[in-house]
Amino acid sequence: MPQTDVPVTDMVVQIHHVGDRHHWLTSARLPGSSDVVVYDSLLRLSDEGHPILTPKLKEQLENIYGQQLSVRFAAMTQQSNSTDCGLYAIAVATDLCNGGDLRDRKFTEISAVLRRHLLKCMSSGMLTPFP
């Protein structure tokens, strides 16, 4: 896959499918920053307690943001099941694109609320920040 050259002055938000885990997550590079932030609602940790950057995700990040990556994993609400990762990935991407500051953001852990909101967004044709 060819690398995309996006100026550091632009915000980039991407939802990723990490096929080896059948999992969805979001990455972002905010304007003026060279750091890539990964938002993962089903974060896996190493034995030492550090987030795991899988080879598949690393390859995707390098293709989007370039080879010289500074990746950090953001603290975020963790899903309570194995099926809501796509919902959380969409919620994070929507908040970022709407100018949200996710540093202290807690999404509701009630997936039915998130799903209702997504359905409302899809019906109205406008993605608005999630509860």
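## A quick tour of a predicted protein chain

Buried residues make up 37% of the 131 residues in this protein chain. Keep in mind as you look around that the model is predicted. The chain's secondary structure amounts to three helices and four strands, and a search of the whole structure turns up zero disulfides. Here's what else you can pick out, topic by topic.

**Overall build**

- Start at the N terminus and walk along the chain, and you meet the elements in the order β-β-β-α-β-α-α.
- How does the radius of gyration compare with that of a compact globule? For 131 residues, a compact globule would come out near 14 Å, and the protein chain has 15 Å, so the two agree.
- If you lay the C-alpha trace along its principal axes, it spans about 40 × 35 × 30 Å.
- Now look at contacts between residues with a separation of 6 or more: 54% of these come from residues 24 or more positions apart.

**Surface and charge**

- The chain's accessible surface is about 7,700 Å², and carbon and sulfur atoms account for 54% of that surface.
- There are 12 positive and 14 negative charges on the chain. Take the mean position of each group, and those two points sit 6 Å apart.

**The cysteines**

- A disulfide is a covalent bond between the sulfur atoms of two cysteines.
- Why is there no bond between C97 and C121? The cysteine sulfur closest to that of C97 belongs to C121, but it is 13 Å away, so it's too far for a bond. To count as a disulfide, the two sulfur atoms would have to be within 2.5 Å.
- Turn it around and the story holds: for C121, the closest cysteine sulfur is the one in C97, again 13 Å off and too far for a bond.
- Are these two cysteines buried or exposed? C97 is exposed, because its relative accessible area is 54%, whereas C121 is buried at 3%.

**Helix α1 and its cover**

- Helix α1 runs over residues 55-65, and its buried residues are L57, Q60, L61, E62, N63, I64 and Y65.
- What covers those buried residues? The cover includes four strands: β1 (12-18), β2 (23-29), β3 (35-39) and β4 (70-73).
- Right after α1 comes G66, which has a positive phi, near 105°.

**D95 in helix α2**

- You'll find D95 in helix α2, which covers residues 85-97.
- D95 counts as buried, because its relative accessibility is 4% and the cut-off for buried is under 20%.
- Setting aside neighbours within four places in sequence, D95 has contacts with G100, L102, R105, F107, P129 and F130.
- G49 is 46 residues from D95 in sequence, and their C-alpha atoms are 27 Å apart in space.

**S124 in helix α3**

- S124 belongs to helix α3, which takes in residues 111-124.
- Is S124 buried or exposed? It's exposed, because its relative accessible area is 53% and exposed means over 50%.
- Between S124 and T26 there are 23 Å, C-alpha to C-alpha, and the two are 98 residues apart in sequence.

**N81 in a loop**

- N81 sits in the loop between β4 and α2.
- With 28% relative accessibility, N81 counts as partly exposed.
- Which residues does N81 touch, once you ignore those up to four places away in sequence? They are L42 and S111.
- N81 and A93 are 12 residues apart along the chain, and 20 Å separates their C-alpha atoms.

Definitions and conventions: Residues are numbered from 1 along each chain as its sequence is written. This is a predicted model: local features need pLDDT of at least 70, side-chain atom pairs count only at pLDDT 80 or more; totals for chains, interfaces and linings use all residues. Side-chain values use heavy atoms; hydrogens and water are left out. Helices (H or I, at least four residues) and strands (E, at least two) are DSSP runs, numbered from the N terminus. The radius of gyration is taken over C-alpha atoms; the globule rule is 2.2 Å times the number of residues to the power 0.38. Buried means under 20% relative accessible area, exposed over 50%, partly exposed in between (1.4 Å probe, protein chains only). Contact means heavy atoms within 4.5 Å. Accessible areas come from the Shrake-Rupley method with a 1.4 Å probe; for residues, only the protein chains shown count as cover. Lys and Arg count as positive and Asp and Glu as negative; His and the chain ends are not counted. The place of a charge is taken as NZ of Lys, CZ of Arg, CG of Asp or CD of Glu.
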